[in-house]
Amino acid sequence: MEDRIRKALGENVVIRRPPNPDFGDYAVFVGPEKAESAVQAIRSELGEKASKIEVAGKGFVNITLTRSAVTFAVAEADAKGNDWGKGVGEDGKRIIVEYSNPNAFKEMHIGHLVGTVVGESLSRLIENSGAKVARDTFGGDIGPNVAKALWGLQKSGITEPTTAVEVGEAYSSGSNAYDSDTLAKTEIDALNQAIYAGTDRALMELWRKGRDVSMEEFRRIWKLLGTHFDFEFFDSDTTEIGLRVVNDGLNKNIFQKSDGAVIYNGERKGVHTLVFITSHNTPTYEAKDIGLAFLKEERWPSDRVIIVTGNEQAGRFKTILAALGELAPLLAEKITHVATGFLKLAFGKMSSRDGNVITASDFIKEVIEKASEKNEDPLVAEQVAVGAIKYMILRQSPGSDIIFDEKKSLSLEGDSGPYLQYALVRAKSIVAKAPNTKHQAPNKMPEILYSIERIILHFPEVTSRTARELAPNLLVNYLTELASEWNSFYAQERIIGGDDETHKLLVARAFVNTMTNGLTLLGIPAPEKM
RNA sequence: GCCCCUGUAGUUCAAUGGAUAGAACGGAGGGUUCCUAAUCCUCUGAUCCAUGUUCGACUCAUGGCAGGGGCACCA
């Protein structure tokens, strides 16, 4: 529908839902002078689909759809199944999305949850716009942090790490020692060099085992969160190519030597100057990320690259992209960096453990326990918990910090994932109980137009805008309103056995399909029962 | 010191330069002989400050104030 209005008026018009439903189903701002001619243009495009097209003053044209046009859209919402809400914004494109980026020698903490959840949802939204999507993650498996973990393992005499917790604790002890003990610092720095060299067989064996154990835990959590990766890249895959590309750039004067290190002087471009290769000739994260850009292109050539990281990396990415812009302009141009906010806990049980970082695993477990109070079925409890966590992350505009108030969010009430899931479950229950009217022609449409019907018909526009703006919160807002309207409808209207049963069941099925598709795009599970 | 991000009801968040700034939680009151009350209905209450651009500013610009993050060999 939006497309048709745009066709009548040109690409640049602002089309939106009016603030008040009494105004109509669509509002277009065209300016006071053009309002009359716009009415004519829209009328000839929409024909009998619109019952009212009027100038609202202040340059708005309001469009109200007819009863049958709304019913038609609702029927479509039911009949199209999985295709309801599919867009064409990225049709035929190849897009690679990077997110979650684990540090393979630390446990996943709650901060990683944000990028993981946002990245998965963006991947799904982009896929839904017609693109072929590959998901990749870039794991840290080399560098000083890794040396700290291996040092910790060696000191505890562990040669065969078996759990991610063990590796995480080794990292903590190594990290503490590094800051407080100069001997340990020297040893760890030497270990770091030895890992890059890769010739100490026992050390590399420990390195490989530690990485495997950690990655198994990451994969377990990814699976729990409904995500997976087509490519798992590691630092160790990018050191060689990173060094090579940066050294090439050094020869072309894109990088400079400074105190034995190779730096990119970003000041002239308004970005920070950063070290790309250290004076010990080891690549920093910046060089590895440059290497990764080339490696990705080699393994999976794409039209667009999206990288999701925490917003503390925003400055670093500006420098990396500025440098890459000189090395390989076409590659740099297609990269979009999406910054996510921090997940902070409001005061509560989980934030007061001696300042320790809360692991993602413990956090998810705690929410599942809470959800279990109302759900005996462990699968459902897990779906509700994952839904609650994802909703809390995705409801906010990307980039802003997320304050997780344990007491409130774990209540699983109000504006929350379970609110959407519960509305869906109740609707599914009605559809399952009802006589099968699916193929029955809607003999008569009721006079009354339910609010929920007028919300449902906007779904395709919301999904395409959400994907275009890379802002899942837009879809979350819409689905929350949709659920709320469904709950009102459910409370006020008798559906099975009520007046206009056939029509109401059509609305119920359309709601079920819209909510199911919407939750799927967010990566929020849709339970059968609650 | 420089750079980036954020300031909206008591709290946590929305809002495509556009119409009367929208929810949830909290607080006050009410609803089920009936399809799942994790629900529904009513009331309550906000754009950090100043100047500017615009027909129109929560949104853009400049200057303050407040909070967070980043700024050469860590990621």
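This is a short tour of a predicted model, with selections to make in the viewer as you go.

**Stop 1: the four-stranded sheet**

Select β1, β2, β3 and β4. They form an open sheet in the order β1-β2-β4-β3, and the pairing is antiparallel. Note that the order along the sheet puts β4 between β2 and β3. Which strands stand at the edges? They are β1 (14-16) and β3 (50-57). Each has a single partner strand, so one side of each has no neighbour in the sheet. From one strand to the next, the twist averages 20°.

Now keep β3 and β4 (residues 60-65) on screen. Six bridges join this antiparallel pair. Pick out G57 and look for its bridge partner in β4, which is F60.

As a reminder, strands of a sheet pair through backbone hydrogen bonds, either parallel or antiparallel.

**Stop 2: the helix across the sheet**

Add helix α2, residues 35-46. Which strands does α2 lie across? It lies across β2 (26-29), β3 and β4. Look along β3 and compare directions: α2 runs at about 165° to β3.

**Stop 3: the three-stranded sheet**

Move on to β8, β9 and β10. These three strands form an open sheet in the order β8-β9-β10, again with antiparallel pairing. The edges are β8 (256-258) and β10 (274-277). Each edge strand pairs with a single partner, so one of its sides is left without a neighbour in the sheet. Neighbouring strands here are turned by 50° against each other on average, direction ignored.

Zoom in on β9 (residues 261-264) and β10. Three bridges hold this antiparallel pairing. Select V262: its bridge partner in β10 is I277.

**Stop 4: two crossing helices**

Select α13 (residues 360-372) and α14 (residues 378-394). Their axes come within 8 Å and cross at roughly 120°. That angle makes α13 oblique to α14. The crossing is right-handed.

Show the side chains where the helices meet. From α13, choose I364, V367, I368, A371 and S372. From α14, choose A381, E382, V384, A385, A388 and I389. What classes do these contact residues fall into? Nine are nonpolar, one is polar and one is charged.

**Stop 5: around the RNA**

Finish with RNA strand B. How many residues surround RNA strand B? The count is 74. The closest are A27, D259, T278, T284 and G414, so label those five.

Then colour the surface near RNA strand B by class. You will find 30 nonpolar, 28 polar and 16 charged residues.

Key:
Residues are numbered from 1 along each chain as its sequence is written. Chains are lettered from A and ligands numbered from 1 in the order in which they are written. This is a predicted model: local features need pLDDT of at least 70, side-chain atom pairs count only at pLDDT 80 or more; totals for chains, interfaces and linings use all residues. A residue is near a molecule or strand if its C-beta atom, placed from the backbone, lies within 6 Å of it. Ala, Val, Leu, Ile, Met, Phe, Trp, Tyr, Cys and Pro count as nonpolar, Asp, Glu, Lys and Arg as charged, and the others, Gly among them, as polar. Axes are lines fitted to C-alpha atoms, for helices over the stretch in contact, and angles run from 0 to 180 degrees between N-to-C directions. Angles under 35 degrees count as roughly parallel, over 145 as roughly antiparallel, 65 to 115 as roughly perpendicular and the rest as oblique. A crossing is left-handed if the near helix is turned anticlockwise from the far one by less than a right angle, and right-handed if clockwise. Two residues are in contact if their C-beta atoms, placed from the backbone, lie within 7 Å. Two strands pair if DSSP finds at least two bridges between them.
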